[in-house]
Every structure is written in structure tokens, then in C-alpha cells.
Amino acid sequence: MKKGLFVLGLAAISFVACKKDECHACHYELSEERIELGQKCGDDLKQAETAGMVVDGVKYDIHCHEH
Amino acid sequence: MLVVVCTYAQISYSQIIKSVKDAQSLQPLNDVTVYDAFGRFVTYSNELGVVVLPDSLSSVIITLEKPGFKSLYLDLSHDHGDDIFLSRHSQVLEEVAIVWQSAYLGLPTFANIDSRSIEQLNGIPQTNLMQSLAEIPGVYSSNTGPGISKPVIRGLQGNRILTFFDGYKLEGQQWGGDHGLGITELGVKDVSVVKGPAALLYGADAMGGVLLINDGFWETEQGLKISAFSQFETNSMGTTSAAQIQHRKNKWAWQAGGRFTSHADYKIAKKQFVDNSRFNEYNAKLGLGFYGGKFRSTLQVLMTQNQIGLPGHTHDSDPDESSFVTNVQKRNKILPVQYNKQWFTIWNAEWQFSNKDVLKLTTGFTHQNLLEHDHKHTIPALGMITQNIPVQLMFHHTQKRSMLTAGLQGMYNQITNNKEAEEILIPNANQKDVGAVLKMQWDRVKWKTEFGIRGDFRHINAKSFSKTYFGANAGWNTTIHFGSKRTLKVGLNSGFRIPHLSELLANGAHHGTFRYEIGNRNLKPEKAVQIDVSYDRMGDHFSFILNPFVALLNDFIYLNPTGQSINSMPIFEYKQINWALQYGADVGIHWHPHFAHSWHLESTISYLNYASNSTAFSLIPAPRWNSSLKYEPTMKGKIRIEDVQLQFTYFFPQKNTVSYEWATADYGLLNVGMNTVFGSKERWKIQIAVRNLTNKQYIDHLSRLKPLGLYNPGRNIIIKLIYNL
């Protein structure tokens, strides 16, 4: 029984996931030029992907993924 | 092979079979499982090989089974003496001949069912459970890389295949070709496959077949059991680790387990890697069981969380195969990606009112959250939450040689779109299923038969769509034994499948399959009737199985390309054909020569085709010839080689395709494996295997990456360490 509880405890520990903010390098495309925005994480990342970038009244999608 | 033992005496249900023994060594056999005539678990033999039949046993016919031994079919109305002997065998083909589905909570049936233990399926280890099932004749695996594998039974897949876990119907988003089942080998004891329509027992949607996954908790033995394994694969630098503990003391039992797997991009034979074919997954399970005399119940919770890369994505304006491969193998998450979080709560309960009457309930709750992110990490392109409650209530009334089953099955299923998702493929909807079944079984030693009828209703309700469907079905299955070596099984079964929400109401991009899909509200339910005949001859040294089948399909639903596209995604629409004929056969032999008793040669051929004047049938599995040569040395000592196996699988060319589908060339795959056990009690085992030993470049006909010209994995060296207490 002790052996079983030890294995169970080991299994439980190994499955505890640490949640941390994702960070990604973001950019947008302006007149075929890539404008880097640097690393964005967590809520900033979500804000960037949701709101995009407005330049001179024009909204551009912010991309934060590898191609 | 089934051996009937007959002498004459009066039967008493408090009779004790004093000793179950090995016919060769004459030693007592423990853990021999005893089932009644209808496949229901009764008891186990103890450490001394003693079996005590309970007073509640109503059937005069029992079966004794133990892995590695021939099943013994015993008629208790005749005196059999004090000792029962089981003869050894290790012929996989003989497992196919087990007349009834062994174990468990499933519905007892005499249908032709192919059952395999998890050890048999993993003789040479695989990456996942669904790929292991492809060892079974007539069963294939449709893969989107190693991270997503779907079962294909007699050429049909998706929501034409029903999956049950310990009798509980799993209903998620399996309609999608890129949506996996989320069930792993964690704690699984055996898997049974019903091939073809099976609506009588399993209801609507059982058109292609049924997977019955059994984890054995319903039959937990006394004591403590610990099992664990760790597996490493070189092709994807993949690791899988799992552990499960199970404990029963008297009437109470519990179990807990966990599994984790992580794979980088898989390597193709050109020493390149399929970009974003990486994935990882966490699984966990908890269970609590009560095993009383008149009442038995188990409660289980299964959880799965995975992150699966979706290969085949590119921003190239004119992509070719090189757009989807990379020279660097990676594991980190990139887009597009699929997330799947799901949990199942399963409650099984059985009330035994008398020797003859049993009531069984299976119910629970499923929650699945499927997200697909295409080009944004925090905003899903597609998101669907599925929640359902299936209920099954079955009453069995047993006489000595017959059983009447009457039951109700139903489900409430709700699909809700994630409000943050950029696109919607199918609208929010709910569906309600209700079905009733009535079945009679007769068992007369040399033959057994069953017949049943069933009716099912389904009501689908969505925005601007509300419709009720009805289906009536029947089934007849008969088994005849000609002596002790030959068996004939004949089944005539119908099935039907109500169009899925995606087929009725889809109108959007499905990124995982790179299609824009358009549904058709006027689709009618599919119908099928199948004749399945199986003849087997089981000898001590040579066995043969022939299993032809033919099915008439009506109103078959398929996806048809329109030739147009939206945002560079080809548009497909759902259409329907009037009828088609599906036919094929599985043929197998097993040779275990007397002069070379440590050797086994097995070979099976599976073939399937359609006769139709339409272009509805895509992804028809290529004919497959699977052969294996196994050597089981007789060794003593603390380190013992259990077996060495060489397996060759040849896929014939498949040119039977639709207009938008690629044909595939023939290819052969060589796999080799060795299993070694350690210690006098054989608690430790190591498996060393190589899949695709010759590093063959090939494209599987059912691969979802076939249209992109992406090869299947190259050589894969697998090392697996197993511990069992």
C-alpha cells in the first residue's frame, strides 16, 4: 500500500502543470515592410492580437506567430 | 478453440470446481476468468486454481479463459469431475474465434467480434492506441501525423464509428477527420471491434463499426496492482510515460493513473521533418468501485488535455512538399495548433434482483472543449464545446439456455461555439436521442443464436433548423460449432446513421482539414444492411479463418468538391448517393508446427471495395497483407527473452480513388521487436523494436497529409520499459 501511495504521489507531482504567460515576437506589415513590435506576453499579447495596430486611421493585423 | 467437457450428473449452483489446472504442467492456474453463457463476468480462480460458482449464477454454460490458454466452454448440466484442465496456446488468430465478446459491461452478443488484449496489440509497440488497432484485420488507422489517429473499420471512419469505454458511449467531435478520440492505452485491458453495421446493440451511427474499449475496472481482483511504463521513440524524439495503481479490498476498490506524452516533429525518410507535426498530451483517470453480492457499481473520471500541431500549413503562394518540411526538428508550440480538453465521468451500476434478473445502468457526463488556433495565439479560429449525457438501461432475464434483453438508450448532446472564435463552422445546436431494443438469445452448446429489433429517434435543434429522424433496425447472429475445431458464424445486421450537424449545417472554414465546408439540410439518414460470414478451423498446429462480407449502403453521404475556393481554401459540399455495395474479406492463417514448437507464422489479408456508379467513396483502404514470424524461446533464469518477432506488412497499390484524391503506390514495411522479462516473478519487461526498419519512403493511402505529398514516418526505434506488480 505504501508503495502504491508513493507511485500515486509521484504521478500527481509529475502532472501538475505550471501555468505561465505565453510570449511571442510580434510584428505587422506596413506597405510590404515588416515592422517589429518585440515580445508580447499574456494580456499584452491578447490585446495586440485583438486590437491590431492602427496607423493613420488604418487598422493592421498584428502577427505573433512564426511563418 | 473451444472444448466441451461432458459427463453426467446433477448440477448444483453451489458446486465448487476444485481445481483449474494447466493441462501440460498440471499446476493450478490462478486468474482464470469465468464468464457465463452470455459473456458476463462471473468470478476468477484463486491462487490455488479454485473456482467457486456463486448461487446467483443462472446460466448452465460457462467459459473459462486465461491469456495463453485455449478457452474452455463448460456445460454445467453434465458432471465434469473435480479438475478442469486448460491447454496452452498463444495463437492470436484463436482469439478471433472466441464466440462471445469477453468481459465486462458491454451488451452480451453472439455477433462476430474481434477481441485483442492490449499486450497482443502492443507486441511491437506503437505510438498510440489507435495505431495499435490497425493490427486487427479490417481495421486501419487514419492519421494526421502521429498526433491524430482515427480508427477506420472496413473503410468507414469518423462519426460512422462508435466508441464505447467500459460501456459508455464517447461522443465528441470525432466527425472531423482531424479530431482525435482522446482515449489512450492508459489502463486499457482489451479492445473489441465490431465490424460493419451494428445498430441493434449500439444504436444510431454504428454504420462502419464499433470500438469497445475495456479497462477492466469492472472486474477488479482483490489486492494491489501497479503498472507503469516509459517509452522512447527516436523518429519523433517522443517520450510517453504512464502509471496506474489499482487496489481492491473486499467490496471496495479504487484506481488512479496518469500518462504524459511529448513528441517533436516526425522524421521522414529523406532526413527531413514534417513541420508542426509535434504534439503533447496529458491524461489522468480516477475510479471508485463497489462490488457487492447483489449490487455492483463503478464511478470513473477520465481527463485528457492535448496540444497538437497541425502540419500542412504555409503562407507560400505556390506551395509544394518543401513548404511543409523543415531541416530542424522542433518541439515548441507554433501555429496552427489544436487544443483539446475533455473529461468523461462514467457511472456503471448493476442490480441483481434474482438468479435470473439483472438490471444495468450506464450513464455519465462528457465535456469537451476543442479549439483550433490558425494565426493568433490568443484568439481561436474555431472553438466548440461539446457536452452530453448518455444513458443506457438494460434488463436481462436469463433462463438456463436463453436470455432476453430489453433496454433503453438515450443521449442529450449540446454543441456550443466559443464566443471568441473568429469563425463558426456549425451553429450552436442540441440533439436528443432515444432508442429501445429487444433481443433474444439462445445457447444450445453446438449452436447459439440471437435476434433483436430496435427503434431510434433523434431530434436535432439549431437556429432555423429543427428536425426529428427515426430509424428501425434488426439483427440476427448465429454461431455453429462443427466438432471442436470448426466454427461457422453468420450475421445479418442493419445500421443507420443520422446526418451529423456538420453535414447538415456546416458553412465555414475548417482549418484542420484545410476545407471550406457547406452542409445540406435535406440529407436523409444513411442506411446499411450487412451479411458477415466467418468460417474458422482451429487446430493445434494450423488454423485458418475466412471472413467475407457484403453490405448494401443507401443514401451514403460524402463530401464533393465544387471546384471553387474561398480565401484559397477549396469549397466542399455534402451530397448523397442512392446506393452502393460494399464488399470484401479478411483471410488469415496461423501455423505453429509441431516440429518447431517455438515458432509461429501468422498471415492475414484484408480487402475492401465498393460497387457504385458514383464517385462518393474516397479513402478506400489499400488491400493489406500482414505477416509475422514469432520465435518464443524456452529460457530459464532471471533474464528471459519472451519472444522475438519479425513483421512484414505489404500494402497493395490503391488506384480506386475519386477525382480529387491521389492514388498511392504499393509499399512494404518491416518491423522487428524483442520482448525480455526480468526476475522470477517477471515484473519488469523491456521491449526493443524498430518500425519501418528499412526506412522506407511511403505515403499511407489514409494519411490526411497525402494531398500535400508528405511521407509517413521513417525508421523508428522504440524502447519501452514496463513494470507490473
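A nonpolar core, as I will use the term today, is a set of buried Ala, Val, Leu, Ile, Met, Phe, Trp, Tyr and Cys residues joined through side-chain atoms within 4.5 Å. Please keep in mind throughout that what we are looking at is a predicted model.

The largest such core here has 23 residues, and the members that touch the most others are B:Ile426, B:Ile460, B:Phe465, B:Leu501 and B:Leu504. Several elements of chain B each supply at least two residues of this core, including strand 30 (447–462), strand 31 (465–482) and helix 5 (501–505), and the largest share, 3 residues, comes from helix 5 of chain B. There is also a second, separate core of 22 residues, and among them are B:Leu133, B:Ile136, B:Ile161 and B:Phe344.

Let me turn now to charged pairs, of which the whole structure, over all chains, holds 34 that count as salt bridges. In one of these, B:Asp205 pairs with B:Arg458, with the closest N and O atoms 2.9 Å apart. The two residues lie 253 residues apart, B:Asp205 in the loop between helix 4 (199–202) and strand 16 (209–214) of chain B, and B:Arg458 in strand 30 of chain B; both B:Asp205 and B:Arg458 are buried.

Is each partner in the next pair, B:Glu422 and B:Lys376, whose closest N and O atoms are 3.6 Å apart, buried or partly exposed? B:Glu422 is partly exposed, because its relative accessible area is 35%, whereas B:Lys376, at 7%, is buried.

Finally, B:Gln231, in strand 17 (residues 223–233) of chain B, is buried with a relative accessible area of 4%, and its side chain makes a polar contact of 3.0 Å with that of B:Glu233.

How values were computed
Residues numbered from 1 in each chain as written. Chains lettered and ligands numbered in written order. Predicted model: local features only at pLDDT ≥ 70, side-chain atom pairs only at ≥ 80, totals over all residues. Heavy atoms only, no water. Buried < 20%, exposed > 50% of the residue type's maximum accessible area, 1.4 Å probe, protein only. Helix = DSSP H or I, 4+ residues; strand = E, 2+ residues; numbered from the N terminus. Polar contact = N/O pair within 3.5 Å; in protein donor to acceptor, adjacent residues only side chain to side chain. Salt bridge = Lys/Arg side-chain N within 4 Å of Asp/Glu carboxyl O.
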